[in-house]
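Colleague: Hi! Could you walk me through this model?

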Amino acid sequence: MSNAILEVESLSKTYAARRGFMGGQIAMVRALSDVSFSVSAGEAFGLVGESGCGKSTAGRAILRLIEADSGTVRFKGESVFDADAGRLRRLRRQMQIVFQDPYSSLNPRRTIGQTLSEPMRVHGTGSAREISATVHEVLGEVGMPRDAAEKYPHEFSGGQRQRIGIARALVLRPELIIADEPVSALDVSIQAQILVLLRNLQQQRRLSFVFISHDLGVVRHFCRSVAVMYLGHIVERGPVPAIFDEPLHPYTRALRNASPVPDPAAKVTMAKLEGEVASALAPPSGCHFHPRCPHATDLCRRVYPPWVEVSKDRGVACHLYPAGSAAMSENRETTP
Amino acid sequence: MTMLAATRETGALARLGRSLLRNKMASFGGGIVLLMALGAVFAPWLSPHDPLEQDVLLRLAGPSADYPLGNDSFGRDILSRILWGGRVSLYVSTVSVLIAIVLGGALGILSGYIGGLFDRITMAAMDVLLSFPTLVMGLLVVAMLGPTVGNLILAITLTAIAPFARIARAPTLTIKERDFIEAGRALGFSNLRIMVVHILPNVVDEILVMASLWLATAIRTEASLSFIGLGVRPPTATWGGMIREGFENILDQPLLAVFPSIAILIVMFGLNMLGDGLRDTSDPKLRHE
Amino acid sequence: MNEMIQNARVLEVEGLTTEFRIDGRWYPAVRDVSFSLARNETLALVGESGCGKSITALSIMGLVPRANGRIAAGRVLLEGRDLVTLDESAMEKVRGSAISMIFQEPMTSLNPVLPIGFQVAEALRYHTKLSEPQARARALELLEQVKIPSAARRFSDYPHQFSGGMRQRVMIAIALACSPKVILADEPTTALDVTIQAQVLALLAELKVETGLAMIFITHNLGVVASIADRVAVMYAGDIIEIAPVDALFRHPTHPYTEALLASIPRVDRDATDLKPIPGQVPPITAMPQGCRYAERCPLREPRCSAASPPLVALAGEPAHHARCWVRSGGEGRAI
């Protein structure tokens with residue numbers, strides 16, 4: 001805990017959404033409910049889940065790009081939510097974000113050099129010459145040629161733009177990077193290039209990551225621990241690969257089983273998981289997953305399961321694992 | 001499909017210049033406008049006669065060697081008066097459109113970026129302004145405040161602000177959702193910086209297209225107001241005023257009304273071509289992004 | 001044996017070449033592509049963006065944009081009839097009845113202002129002689145066949161009232177309406193959540209068994225390919241570079257690109273190993289190299305590879321497995 005660079009506690013966020021004809025009604029969407037986790041220095045922490053689970057909202061709330069309703073976020077012990085404008089600005093230098101869509105993440109009217117040097121000029125981190133040197137250095141670090149600085153985004157491919165987006169996140173020398181689906185919009189071979197790049201950067205710069213993704217394979221490859229989210233809640237948290245090899249929560253298991261694997265002998269299994277991901281506008285009562293869960297009981301329909309730490313670094317919110325039970329051995333199914 | 005070739009881009013004005021040259025319509029229209037503008041600017045040197053100099057003997061004379069376009073009802077040289085009248089048109093339209101761009105554009109970007117109640121109120125105000133046809137606004141202002149050049153500019157500006165605000169707001173709404181705006185906030189950029197440095201350059205294209213079209217509207221409005229006698233007072237030469245005089249003398253000398261009308265026609269034609277050409281070249285590029 | 005195969009072949013593409021005009025010159029986006037499709041078979045067309053897989057599907061459907069695209073060569077034989085030679089009105093009778101297509105984004109493929117039942121029935125009314133009530137009845141049957149819950153009640157609902165997975169099922173119902181011989185599915189599950197994707201894939205597999213239809217499934221995801229394909233054709237830069245039964249492709253990928261691609265995918269079922277990204281990028285269509293198009297990125301590259309483009313050739317001992325590689329499959333043997 002003392003080694004934690006980021007500590008998130010009880011993060012909650014509810015949106016008011018307009019519904020109905022002419023937007024007459026207002027419904028509350030609970031995007032985040034009581035989300036807590038911590039990231040150790042130099043660690044890559046994964047946040048996985050399907051659309052609507054709140055993982056992107058969590059990433060933005062941590063950086064205060066969205067204001068959370070409640071909860072705390074501590075960066076190196078300092079509260080992010082309590083910071084005033086000046087402190088926040090300084091904090092922003094240390095926590096950065098990389099986006100999913102390489103075609104939306106760069107200003108089409110600015111050269112790469114302008115895009116990369118602007119953060120440094122705004123924060124006053126050096127003379128013009130130093131800034132220029134840093135721009136070229138960072139371009140080299142992400143595998144882009146020096147002359148990229150004079151060009152415009154549309155002259156580059158998606159993978160190259162993603163590299164530039166990563167470079168922009170690095171110019172202020174942050175210690176934590178929130179990577180929001182950084183490889184999801186890329187081709188498979190480019191994906192691998194970017195993942196290798198991120199890994200190298202992590203080692204060279206001792207970066208910590210909050211790695212948001214819906215792709216379990218990518219998360220297994222990159223992250224040391226992961227939290228699985230469903231409809232705004234964390235339903236399971238634990239170390240990679242244990243959480244994928246022996247998932248506790250039925251949703252984690254279903255997610256893993258449904259993830260396609262390039263092996264014809266391991267066909268995607270649907271098992272008994274029917275139904276849609278419920279809408280966040282009207283989440284089911286009790287445990288939000290119960291309508292789709294093969295193990296649902298009456299208790300599941302009525303009461304939201306409490307968070308239980310089943311071991312030192314694994315936790316789960318599921319009635320199959322009541323507090324204090326040696327749950328690990330019990331509910332593991334033999335068929336994956 | 002990832003098969004599109006890349007084109008080199010530089011700043012907005014240079015882009016404008018290149019698209020002007022590349023697009024026949026835009027360059028033709030731009031050429032016309034430029035010619036007329038030069039004529040207006042250099043009127044003092046180009047006019048063969050003093051526009052105010054009267055010569056009763058030459059009343060309503062047709063074109064002659066000395067007076068290529070003939071003389072008006074006071075014997076004044078029509079050619080010189082057209083050149084000098086262009087100055088008024090140029091001045092009024094340029095100033096009012098410029099002010100409208102600055103105020104309207106700023107309001108539009110602010111409104112789109114801030115959103116919420118501010119946006120709703122501002123747009124409601126814009127709707128009120130939009131409901132006034134330019135001519136009616138001109139009548140109101142001039143009737144209440146008097147027929148000076150300044151009031152003319154005020155009237156036109158008031159009606160031009162709303163369209164520019166709308167046209168700046170629309171792309172602002174889409175652009176502010178793009179990730180690079182969020183990246184800027186994550187990097188600690190102030191909202192002002194984001195609006196000026198990041199949103200504005202992406203909005204400039206549309207504004208320029210609208211500007212050329214509104215210049216035409218402004219010229220037409222000034223001429224219309226002068227025609228009904230509420231514009232710049234005689235004896236100052238204005239195209240609208242000249243048409244009015246021509247109207248009064250139409251049975252005796254029809255050419256009096258024809259020449260200033262042609263002048264207005266040519267300028268508006270040129271401006272519309274310019275605007276259309278600009279719109280054609282800027283749209284596909286925006287979609288490209 | 002040959003005769004049986006001949007009879008069962010429902011679609012044969014021979015030497016298809018589709019070109020696009022860029023800056024006044026014509027460039028092939030799909031080059032000399034040949035494959036066949038039998039009844040009750042799913043052929044996966046897999047490759048990264050720009051490889052030509054979508055253009056191949058559009059070419060088969062006669063939907064190549066006429067402004068700067070054209071089919072320059074080849075035949076597309078649907079049960080013996082060459083679709084390339086048909087004019088637009090004849091093709092319109094074929095589309096939606098003999099061949100149907102399913103697209104990636106159901107929201108833009110479904111008309112948002114028409115109820116879904118109407119849209120399914122529309123396909124029937126256009127292609128068959130069913131009366132209005134008969135078409136509606138059949139449409140309802142189809143919606144039930146694709147497992148839309150409470151289909152009768154939701155018959156008159158609009159697309160926006162359904163989730164992405166449900167809309168995709170509606171698309172499948174429309175595609176099936178006139179009992180097509182072939183379905184072209186262009187990335188039908190790419191935009192869906194993983195668990196929903198698994199449901200839709202399971203549905204497609206069931207439908208295949210029920211109706212015996214032949215399907216071409218286009219995707220960039222090799223995991224999905226392993227789950228549903230019987231045969232796989234891998235495309236790169238407009239060429240088919242390998243085609244094989246699914247087990248053979250994954251067990252011993254022959255073309256260096258296929259091999260490299262498989263080695264660069266992070267998997268949820270295996271421990272993180274070092275990913276080996278493929279260096280470089282696909283060459284732009286306007287600057288394709290002479291010879292093998294993959295050569296400049298290939299570790300096995302030899303001088304002969306840059307000299308001439310290798311033919312697609314059967315591997316020794318595996319008549320159903322073809323690869324286009326001088327080094328791995330040579331130039332001898334039966335070209336396809």
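Modeller: Happy to, and we can go chain by chain.

Colleague: Great. What kind of model is this?

Modeller: This is a predicted model.

Colleague: Let's begin with chain B. How many helices and strands are there in chain B?

Modeller: Chain B has 11 helices and 0 strands. Going along the sequence, you therefore read α-α-α-α-α-α-α-α-α-α-α, if we take helices and strands as DSSP runs.

Colleague: And what box do the C-alpha atoms of chain B fill?

Modeller: Along the principal axes, the box is roughly 75 × 45 × 30 Å. Of the 289 residues in chain B, 45% are buried. Also, if you take contacts in chain B between residues at least 6 apart in sequence, 70% of them join residues at least 24 apart.

Colleague: How do people describe two packed helices?

Modeller: They give the angle between the axes and the distance between the axes. Try helix α5 of chain B (residues 116-130) with helix α7 of chain B (residues 149-175): their axes come within 8 Å and cross at roughly 135 degrees.

Colleague: What do we call that arrangement of α5(B) and α7(B)?

Modeller: Oblique. Angles over 145 degrees would count as roughly antiparallel and 65 to 115 as roughly perpendicular, so α5(B) and α7(B) are oblique to each other. The crossing of α5(B) past α7(B) is left-handed.

Colleague: Which residues make the contact there?

Modeller: From α5(B) you have B:Met126, B:Leu129 and B:Leu130, while α7(B) brings B:Leu158, B:Thr159, B:Ile161, B:Ala162, B:Ala165 and B:Arg166. By class, the residues of this contact are 7 nonpolar, 1 polar and 1 charged.

Colleague: Nice. What about α6(B) and α9(B), at what angle do they pack?

Modeller: Helix α6 of chain B (residues 134-145) and helix α9 of chain B (residues 191-227) pack at about 50 degrees, and their axes are 10 Å apart. That pair is therefore oblique too, and α6(B) passes α9(B) in a right-handed crossing.

Colleague: Which residues meet in that pair?

Modeller: B:Thr134, B:Leu135, B:Gly138 and B:Val142 of α6(B) meet B:Thr217, B:Thr221, B:Ser224 and B:Leu225 of α9(B). The classes here are 3 nonpolar, 5 polar and no charged.

Colleague: Switching to chain C: what domains does the assignment give?

Modeller: Domain 1 covers 2-229 and domain 2 covers 259-336. Taken over C-alpha atoms, the centres of these two domains of chain C are 29 Å apart. Their contact takes 6 residues from domain 1 and 7 residues from domain 2.

Colleague: Which strand gives the most on the domain 1 side?

Modeller: Strand β2 of chain C (residues 25-38), with 3 residues. The domain 1 side that touches domain 2 has 4 nonpolar, 2 polar and no charged residues.

Colleague: And how many residues go into the contact of chain C with chain A?

Modeller: There are 35 residues from chain C and 35 residues from chain A. On the chain C side, α8 (194-211), α9 (222-228), α10 (246-251) and α11 (256-263) each supply at least two residues. α8(C) gives the most, with 6 residues. That side of chain C has 18 nonpolar, 11 polar and 6 charged residues.

Colleague: Last one: which residues of α11(C) are buried?

Modeller: C:Pro256, C:Tyr257, C:Thr258, C:Ala260 and C:Leu261 are buried. The buried residues of α11(C) pack against α9, β9 (231-236), β10 (239-245) and α10 of chain C, together with α6 (188-205) of chain A.

Definitions and conventions. Residues are numbered from 1 along each chain as its sequence is written. Chains are lettered from A and ligands numbered from 1 in the order in which they are written. This is a predicted model: local features need pLDDT of at least 70, side-chain atom pairs count only at pLDDT 80 or more; totals for chains, interfaces and linings use all residues. Two residues are in contact if their C-beta atoms, placed from the backbone, lie within 7 Å. Helices (H or I, at least four residues) and strands (E, at least two) are DSSP runs, numbered from the N terminus. Ala, Val, Leu, Ile, Met, Phe, Trp, Tyr, Cys and Pro count as nonpolar, Asp, Glu, Lys and Arg as charged, and the others, Gly among them, as polar. Axes are lines fitted to C-alpha atoms, for helices over the stretch in contact, and angles run from 0 to 180 degrees between N-to-C directions. Angles under 35 degrees count as roughly parallel, over 145 as roughly antiparallel, 65 to 115 as roughly perpendicular and the rest as oblique. A crossing is left-handed if the near helix is turned anticlockwise from the far one by less than a right angle, and right-handed if clockwise. Domain bounds come from an automatic or database domain assignment. A residue is buried if 20 or more other C-beta atoms lie within 10 Å of its own, exposed if 12 or fewer, and partly exposed in between; C-beta atoms are placed from the backbone.
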